[in-house]
Amino acid sequence: MFLAYAATLSSIPLIGCSTLARHNPRFSSYPFSLGIASGDPDSNSVVLWTRLAPKPLDPDGGMPTEPVAVKWQVAEDEAMERVVATGTEIATPQLGHSVHVEVNELKPDRWYWYRFTAGNEESAIARTRTLPLADSKPDRLTFAFASCQSLEQGFYTAYERMAQDQLDLVFHLGDYIYEYKTGNQGQVRLHHGKEIESLAEYRVRYAQYKSDQLLQNMHSRCPWFVTWDDHEFDNNYANDISELKGIDPADFLIRRANAYQAFYENMPLRRTSVPAGPNLQLYRKTSFGQLAEFMVLDSRQHRSDQPNNDQRSQINNAAMSPKVTMLGARQRNWLKQSLVQSRGAWNVLAQQVMMAMVGMPNGDVPMTYSMDQWPGYTYERMNLLRFMTEHKVANPVILTGDIHMNWANELRVDDRKPDTPVVATEFVGTSISSAGDGQDKIKDHDKLLSDNPCIKFHNRQRGYVRCTLTPETWTSDFMVVDKVTKPGGKVTKRTSMVIESGNPKLKKA
């Protein structure tokens with residue numbers, strides 16, 4: 001079905017012709033208004049990103065309809081005196097004048113600094129790094145993961161604190177933008193315009209989000225690995241299916257192509273992720289030496305439609321069907337092969353929706369579960385956890401976003417059977433800003449935990465999770481913000497949860 005509609009979409013050129021590019025452009029204002037970023041590093045390369053936009057909220061960013069030459073430099077020092085790599089990349093109008101530079105032949109496990117130049121304009125200087133060699137044995141890694149940053153519902157105070165953490169990496173697990181139309185006047189900031197559908201509208205929405213200075217500053221501190229959830233395109237979509245009825249399938253895929261192209265244009269992704277119509281290769285893996293293997297998943301593009309019309313329900317035959325998939329056969333097989341081949345002391349799935357089978361009380365009837373999360377795909381979930389057990393996958397840890405709450409969960413093949421062995425551990429990070437000011441505990445907090453023994457920590461404030469790994473232990477610090485509806489909220493460490501290597505059971509630090 002995808003390919004039938006992909007043929008109607010314009011092809012996306014990777015590079016412009018350098019002989020046609022404008023090498024000395026003049027800009028109406030500062031062209032690096034959206035900041036610069038890096039991402040997807042390995043042991044000898046990293047992606048450097050920027051997007052020229054002197055008028056960021058214009059559909060074309062205030063740029064001419066012609067390619068523009070952008071110079072880049074990488075140095076071993078912040079003063080940019082010991083330059084080790086330099087070149088020119090062509091920013092094309094077909095890709096929103098974005099630039100994705102894959103810098104190769106760098107030294108492993110090193111910090112570098114970089115900047116861009118276009119015409120007489122120069123970007124700020126940002127920091128990035130390469131990863132250790134695959135066969136090395138690092139003694140420590142510190143990273144953070146985050147998700148769900150509605151511009152309308154809160155300020156990005158969490159990123160201000162995160163920038164002080166001296167992180168090696170950041171994993172963003174989705175909902176980088178929200179597609180919704182302008183909200184009510186009670187929001188802290190307002191989206192521009194209606195619910196976005198066209199490529200120009202998605203570009204403007206990304207520009208509005210990426211204009212946030214705290215977000216830009218965090219991008220400049222270290223490389224990011226990004227994946228999407230649903231709001232980068234459309235709420236709760238599944239593959240080529242909208243949650244809304246009566247949507248024309250062709251129009252829906254054209255909109256998906258627009259969303260996927262805008263995602264690529266605004267993220268530090270490699271050329272392997274250049275979209276082809278409504279398709280984009282996003283799942284991938286990386287290793288931090290033999291300390292950790294990371295598998296970044298895509299749980300939206302390839303999934304089956306949510307069972308039971310995406311309504312909370314008991315786990316029934318629909319959720320238990322082998323035909324219902326979150327990952328799709330190709331990604332699932334790739335994941336299993338990656339887990340078997342991994343040499344990582346910790347094997348980490350960076351993904352979107354909660355894997356723990358957390359049931360909510362529903363009066364006198366049995367508990368219900370979210371069909372948009374892994375319980376809606378119970379057969380595949382159980383199969384994956386059983387596979388980890390049978391193949392003795394070392395220290396599996398699941399990182400999750402989406403739900404605007406903090407959780408620390410112990411995972412079993414079937415979480416409804418608390419007397420069975422714990423197979424893996426899940427850390428769910430709350431939102432950066434989505435849902436506004438949170439709360440520490442809900443009214444039925446104690447009952448939630450007693451009804452779901454898999455839950456070892458739960459909290460509903462905003463923030464992010466900071467993780468420190470050694471060969472022996474994993475520590476997750478849940479960093480929370482007391483208020484995001486006003487600038488200057490206070491960030492504190494709410495709690496720290498620890499796993500010991502070889503034992504997936506959680507304990508407080």
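Is Asp109 buried, partly exposed or exposed? I looked up its relative accessibility and found 42%, so Asp109 counts as partly exposed. The structure I am working from is a predicted model.

**Entry 1. Asp109 and Arg129**

I looked for the partner of Asp109 and found a salt bridge with Arg129, the closest N and O atoms being 2.2 Å apart. Arg129 belongs to strand β8 (residues 126-129), while Asp109 sits in the loop between β5 (98-103) and β6 (111-118), so this pair ties together parts that are 20 residues apart in sequence. Arg129 has a relative accessibility of 3% and counts as buried. I note that the pair joins a buried arginine to a partly exposed aspartate.

**Entry 2. Other salt bridges**

I counted 28 salt bridges in the model. I then checked Arg270, which forms a salt bridge with Asp42 at 3.6 Å between the closest N and O atoms. Arg270 is in the loop between α5 (249-265) and β12 (284-288), and Asp42 is in the loop between β1 (36-39) and β2 (46-51), so the pair ties together parts that are 228 residues apart in sequence. Arg270 has a relative accessible area of 15% and is buried, the cut-off being under 20%. Asp42, at 28% relative accessibility, counts as partly exposed.

Next I took Arg494 and Asp440, whose side chains meet in a salt bridge with an N to O distance of 2.9 Å. Arg494 is part of strand β23 (residues 491-500) and Asp440 lies in the loop between β19 (424-428) and α8 (445-451), so the pair ties together parts that are 54 residues apart in sequence. I found Arg494 partly exposed at 27% relative accessibility, and Asp440 partly exposed at 30%.

I also found a network of salt bridges that links Asp229, Asp230, Arg300, Arg303 and Asp372.

**Entry 3. Strand β14 and its neighbours**

How many residues of strand β14 are buried? I found five of the five residues in β14 (residues 346-350) buried, and the strand is mostly covered. I checked the side-chain directions: Trp346, Val348 and Ala350 point one way, whereas Asn347 and Leu349 point the other way, and all are buried. In a regular strand the side chains alternate between the two faces of the sheet.

Which strands pair with β14? Strand β13 (residues 292-296) runs parallel to β14 and is joined to it by five bridges. Strand β17 (residues 396-400) is also parallel to β14, with four bridges between them. I followed Leu349 across both pairings: Met295 stands opposite Leu349, and the bridge partner of Leu349 in β17 is Ile398.

I looked at the connection from β13 to β14 and found helix α6 (residues 329-341) making a right-handed β-α-β unit with the two strands.

**Entry 4. Strand β12 and the hairpin**

I moved to β12, which pairs with β13 in the antiparallel sense over five bridges. Arg284 stands opposite Val296 in β13. I found β12 mostly covered, with four of its five residues buried. The hairpin of β12 and β13 has three residues between the strands, and Gly289 there takes a positive phi near 55 degrees.

**Entry 5. Thr425**

I located Thr425 in strand β19. Thr425 counts as buried, at 1% relative accessibility. I listed its contacts, leaving aside neighbours within four places in sequence: Pro396, Val397, Ile398, Asn409, Leu411, Ile499, Pro504 and Leu506. Ile398 is thus on the contact list of Thr425 and is also the bridge partner of Leu349.

**Entry 6. The whole protein**

I counted eight helices and 24 strands in the protein. For 509 residues, a compact globule would have a radius of gyration near 23 Å, and I obtained 22 Å for the protein, which agrees. The C-alpha atoms fill a box of roughly 70 × 55 × 45 Å along the principal axes. I found that 61% of the 509 residues count as buried.

I then looked at contacts with a separation of 6 or more: 71% of them are between residues 24 or more positions apart. The accessible surface comes to about 19800 Å², and carbon and sulfur atoms account for 48% of this surface.

Terms used
Residues are numbered from 1 along each chain as its sequence is written. This is a predicted model: local features need pLDDT of at least 70, side-chain atom pairs count only at pLDDT 80 or more; totals for chains, interfaces and linings use all residues. Side-chain values use heavy atoms; hydrogens and water are left out. Buried means under 20% relative accessible area, exposed over 50%, partly exposed in between (1.4 Å probe, protein chains only). Two strands pair if DSSP finds at least two bridges between them. A crossover is right-handed if, with the strands pointing away from the viewer, the path from the first strand over the helix to the second runs clockwise. The radius of gyration is taken over C-alpha atoms; the globule rule is 2.2 Å times the number of residues to the power 0.38. Contact means heavy atoms within 4.5 Å. Accessible areas come from the Shrake-Rupley method with a 1.4 Å probe; for residues, only the protein chains shown count as cover. A salt bridge is a side-chain nitrogen of Lys or Arg within 4 Å of a carboxyl oxygen of Asp or Glu.
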